[in-house]
Amino acid sequence: MLSVDMVVLTDGSRILGLGDLGVQGMAIPIGKLDMYVAAAGINPQRILPIMLDVGTNNQQLLDNPLYIGLRQPRLEGDEYISIVDELMEALHARWPKAIVQFEDFQFKWAFETLERYRKKICMFNDDIQLLFGMMESRKEWNGSFHRNEKKNSCLFCLME
(Lines give C-alpha, C1' and ligand atoms only; values in the text may rest on other atoms or scores of the structure.)
Protein backbone atom coordinates (compact mmCIF):
# COMPACT_ATOMS: atom_id res chain seq x y z
CA MET A 1 0.00 0.00 0.00
CA LEU A 2 1.32 3.43 -0.98
CA SER A 3 1.81 5.82 1.94
CA VAL A 4 2.02 9.57 1.50
CA ASP A 5 3.42 12.01 4.06
CA MET A 6 3.46 15.21 1.99
CA VAL A 7 1.29 16.52 -0.85
CA VAL A 8 1.91 19.73 -2.76
CA LEU A 9 -1.14 20.81 -4.70
CA THR A 10 -1.51 23.55 -7.31
CA ASP A 11 -4.23 24.57 -9.71
CA GLY A 12 -1.77 26.47 -11.91
CA SER A 13 -3.64 29.75 -11.47
CA ARG A 14 -0.84 31.97 -10.14
CA ILE A 15 2.52 30.42 -10.89
CA LEU A 16 5.52 32.38 -9.60
CA GLY A 17 3.99 35.70 -10.52
CA LEU A 18 3.67 34.53 -14.14
CA GLY A 19 -0.06 34.13 -13.84
CA ASP A 20 -2.32 31.37 -15.11
CA LEU A 21 -0.15 28.62 -16.59
CA GLY A 22 -2.76 25.91 -16.33
CA VAL A 23 -1.26 22.42 -16.25
CA GLN A 24 2.10 23.83 -17.29
CA GLY A 25 2.46 24.76 -13.61
CA MET A 26 3.01 21.10 -12.67
CA ALA A 27 6.75 21.67 -12.21
CA ILE A 28 6.03 23.82 -9.16
CA PRO A 29 4.70 21.08 -6.85
CA ILE A 30 7.40 18.72 -8.11
CA GLY A 31 10.10 21.30 -7.35
CA LYS A 32 8.67 22.09 -3.91
CA LEU A 33 8.65 18.41 -3.01
CA ASP A 34 12.22 18.04 -4.30
CA MET A 35 13.20 20.81 -1.90
CA TYR A 36 11.47 19.06 1.02
CA VAL A 37 13.21 15.81 0.16
CA ALA A 38 16.65 17.45 -0.12
CA ALA A 39 16.40 19.92 2.75
CA ALA A 40 13.97 18.33 5.20
CA GLY A 41 14.72 14.65 4.67
CA ILE A 42 11.22 13.68 3.61
CA ASN A 43 11.18 10.22 2.04
CA PRO A 44 10.95 10.70 -1.75
CA GLN A 45 8.81 7.58 -1.98
CA ARG A 46 6.18 9.17 0.27
CA ILE A 47 5.44 12.41 -1.60
CA LEU A 48 2.69 13.30 -4.06
CA PRO A 49 2.63 16.31 -6.40
CA ILE A 50 -0.85 17.16 -7.67
CA MET A 51 -1.90 19.40 -10.52
CA LEU A 52 -5.62 20.12 -10.22
CA ASP A 53 -6.67 20.91 -13.79
CA VAL A 54 -9.78 23.05 -13.66
CA GLY A 55 -9.18 24.80 -16.98
CA THR A 56 -7.33 28.01 -17.76
CA ASN A 57 -8.19 31.60 -18.50
CA ASN A 58 -4.97 32.02 -20.46
CA GLN A 59 -6.18 32.43 -24.05
CA GLN A 60 -2.71 31.73 -25.50
CA LEU A 61 -2.76 28.30 -23.86
CA LEU A 62 -6.32 27.60 -24.99
CA ASP A 63 -5.33 28.48 -28.58
CA ASN A 64 -2.15 26.39 -28.49
CA PRO A 65 -2.71 22.98 -30.16
CA LEU A 66 0.10 21.51 -28.01
CA TYR A 67 -1.48 22.51 -24.69
CA ILE A 68 -2.32 19.30 -22.80
CA GLY A 69 -4.68 20.75 -20.16
CA LEU A 70 -8.44 21.13 -20.19
CA ARG A 71 -9.45 23.39 -23.06
CA GLN A 72 -12.04 25.37 -21.19
CA PRO A 73 -12.21 28.51 -19.07
CA ARG A 74 -11.14 27.97 -15.47
CA LEU A 75 -13.93 26.78 -13.17
CA GLU A 76 -15.15 29.41 -10.72
CA GLY A 77 -17.43 29.67 -7.70
CA ASP A 78 -19.25 26.64 -6.36
CA GLU A 79 -18.07 24.41 -9.23
CA TYR A 80 -14.45 25.14 -8.36
CA ILE A 81 -14.90 24.67 -4.61
CA SER A 82 -16.80 21.38 -5.09
CA ILE A 83 -13.84 19.95 -7.05
CA VAL A 84 -11.37 21.07 -4.39
CA ASP A 85 -13.65 19.72 -1.64
CA GLU A 86 -13.84 16.33 -3.35
CA LEU A 87 -10.06 16.17 -3.73
CA MET A 88 -9.40 17.21 -0.12
CA GLU A 89 -11.92 14.71 1.23
CA ALA A 90 -10.33 11.93 -0.84
CA LEU A 91 -6.79 12.86 0.25
CA HIS A 92 -7.79 13.03 3.89
CA ALA A 93 -9.72 9.73 3.72
CA ARG A 94 -6.78 7.93 2.08
CA TRP A 95 -3.88 9.59 3.98
CA PRO A 96 -5.29 11.30 7.10
CA LYS A 97 -1.83 12.18 8.47
CA ALA A 98 -0.45 13.63 5.23
CA ILE A 99 0.48 17.30 5.14
CA VAL A 100 -1.11 19.14 2.21
CA GLN A 101 0.49 22.32 0.90
CA PHE A 102 -1.53 24.60 -1.36
CA GLU A 103 0.89 26.22 -3.79
CA ASP A 104 0.45 29.20 -6.12
CA PHE A 105 -3.33 29.52 -5.94
CA GLN A 106 -4.99 32.82 -6.91
CA PHE A 107 -5.39 34.94 -3.79
CA LYS A 108 -9.18 34.67 -3.85
CA TRP A 109 -8.88 30.86 -3.61
CA ALA A 110 -5.81 30.85 -1.38
CA PHE A 111 -7.68 32.57 1.45
CA GLU A 112 -10.90 30.62 0.87
CA THR A 113 -9.19 27.21 0.90
CA LEU A 114 -7.00 28.05 3.89
CA GLU A 115 -10.04 29.06 5.92
CA ARG A 116 -12.08 26.13 4.65
CA TYR A 117 -9.66 23.28 5.37
CA ARG A 118 -7.10 24.38 7.97
CA LYS A 119 -9.10 23.17 11.00
CA LYS A 120 -10.00 19.81 9.42
CA ILE A 121 -6.87 18.77 7.54
CA CYS A 122 -3.17 19.20 8.20
CA MET A 123 -2.57 21.79 5.49
CA PHE A 124 -0.96 25.13 4.82
CA ASN A 125 -0.44 27.73 2.15
CA ASP A 126 3.06 29.17 2.44
CA ASP A 127 2.28 32.04 0.07
CA ILE A 128 -0.34 33.34 2.51
CA GLN A 129 0.87 32.16 5.90
CA LEU A 130 4.54 32.98 5.36
CA LEU A 131 3.76 36.48 4.12
CA PHE A 132 1.47 37.26 7.04
CA GLY A 133 3.81 35.53 9.47
CA MET A 134 6.63 37.76 8.30
CA MET A 135 4.49 40.86 8.61
CA GLU A 136 3.31 39.91 12.10
CA SER A 137 6.85 39.00 13.19
CA ARG A 138 8.03 42.37 12.02
CA LYS A 139 5.46 44.05 14.26
CA GLU A 140 6.09 41.70 17.18
CA TRP A 141 9.87 41.80 17.10
CA ASN A 142 10.34 45.34 15.80
CA GLY A 143 12.08 43.90 12.77
CA SER A 144 12.65 45.43 9.42
CA PHE A 145 11.34 44.36 6.05
CA HIS A 146 13.35 45.44 3.02
CA ARG A 147 12.22 45.11 -0.58
CA ASN A 148 14.57 45.09 -3.53
CA GLU A 149 12.44 46.66 -6.27
CA LYS A 150 14.80 45.63 -9.08
CA LYS A 151 14.67 41.93 -8.25
CA ASN A 152 11.19 41.97 -6.70
CA SER A 153 12.52 40.03 -3.74
CA CYS A 154 12.31 40.57 -0.02
CA LEU A 155 14.76 40.33 2.84
CA PHE A 156 13.39 39.98 6.33
CA CYS A 157 15.57 40.83 9.33
CA LEU A 158 14.68 40.43 12.98
CA MET A 159 16.23 42.91 15.32
CA GLU A 160 16.61 42.43 19.06
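Which residue in β3 is the bridge partner of Val7? In this predicted model, the partner of Val7 is Val100, and the pair belongs to a set of four bridges that join strand β1, residues 6-10, to strand β3, residues 99-102, the two strands running parallel. A further pairing in β3 is that of Leu9, whose bridge partner is Phe102.

On its other pairing, β3 is joined by two bridges to strand β4, residues 123-124, and these strands also run parallel. Here Val100 stands opposite Met123 in β4, so that Val100 can be followed from Val7 in β1 to Met123 in β4. Between the two strands the chain crosses from β3 through α4 to β4, and this β-α-β crossover is right-handed.

The wider arrangement is an open sheet of four strands in the order β2-β1-β3-β4, with parallel pairing. Because β2, residues 47-51, and β4 each have a single partner strand, they stand at the edges, and one side of each is left without a neighbour in the sheet. In general, the strands of a sheet pair through backbone hydrogen bonds, which may be parallel or antiparallel in arrangement.

Within strand β3 lies Gln101, and a reader may ask whether this residue is buried or exposed. Gln101 counts as buried, because its relative accessibility is 0%, where buried means under 20%. Its side chain makes a polar contact of 2.6 Å with the side chain of Glu103, and another with the side chain of Asp126, at 3.1 Å. Leaving aside neighbours within four places in sequence, Gln101 is in contact with Met6, Val7, Val8 and Leu9, with Lys32 and Tyr36, and with Phe124 and Asp126.

Two of those contacts of Gln101, Lys32 and Tyr36, are also among the buried residues of helix α1, which include Ile28, Pro29 and Leu33 as well. These buried residues cover an arc of only 130 degrees around the axis, and therefore they lie on the same side of α1. On the other side of the helix, Ala27 and Ala38 are exposed. The length of α1 can be checked too: at 1.5 Å a residue, its 14 residues, 27-40, should span 20 Å, and the 19 Å between its end C-alpha atoms agrees with this. Just after α1, Gly41 takes a positive phi of about 75 degrees.

Helix α4, residues 107-117, can be read in a similar way, with Trp109, Ala110, Thr113, Leu114 and Tyr117 buried. These residues cover an arc of only 130 degrees around the axis, which puts them on the same side of α4. The general reason for such a pattern is that an α-helix has 3.6 residues a turn, so residues three or four places apart point the same way.

Tyr117, found in helix α4, is buried, with a relative accessible area of 4%. What joins the side chains of Tyr117 and Asp85? A polar contact of 2.5 Å joins them, although the two residues are 32 residues apart in sequence, with their C-alpha atoms 8.8 Å apart in space. Leaving aside neighbours within four places in sequence, Tyr117 is in contact with Ile81, Val84, Asp85 and Met88, and also with Phe102 and Met123. The last two lead back to the sheet, since Phe102 is the bridge partner of Leu9 in β3 and Met123, in β4, is the residue that Val100 stands opposite.

Key. Residues numbered from 1 in each chain as written. Predicted model: local features only at pLDDT ≥ 70, side-chain atom pairs only at ≥ 80, totals over all residues. Heavy atoms only, no water. Expected span 1.5 Å × (residues − 1). Buried < 20%, exposed > 50% of the residue type's maximum accessible area, 1.4 Å probe, protein only. Arc of directions from axis to C-beta. Pairing = 2+ DSSP bridges. Right-handed = clockwise from strand over helix to strand, strands pointing away. Contact = heavy atoms within 4.5 Å. Polar contact = N/O pair within 3.5 Å; in protein donor to acceptor, adjacent residues only side chain to side chain.
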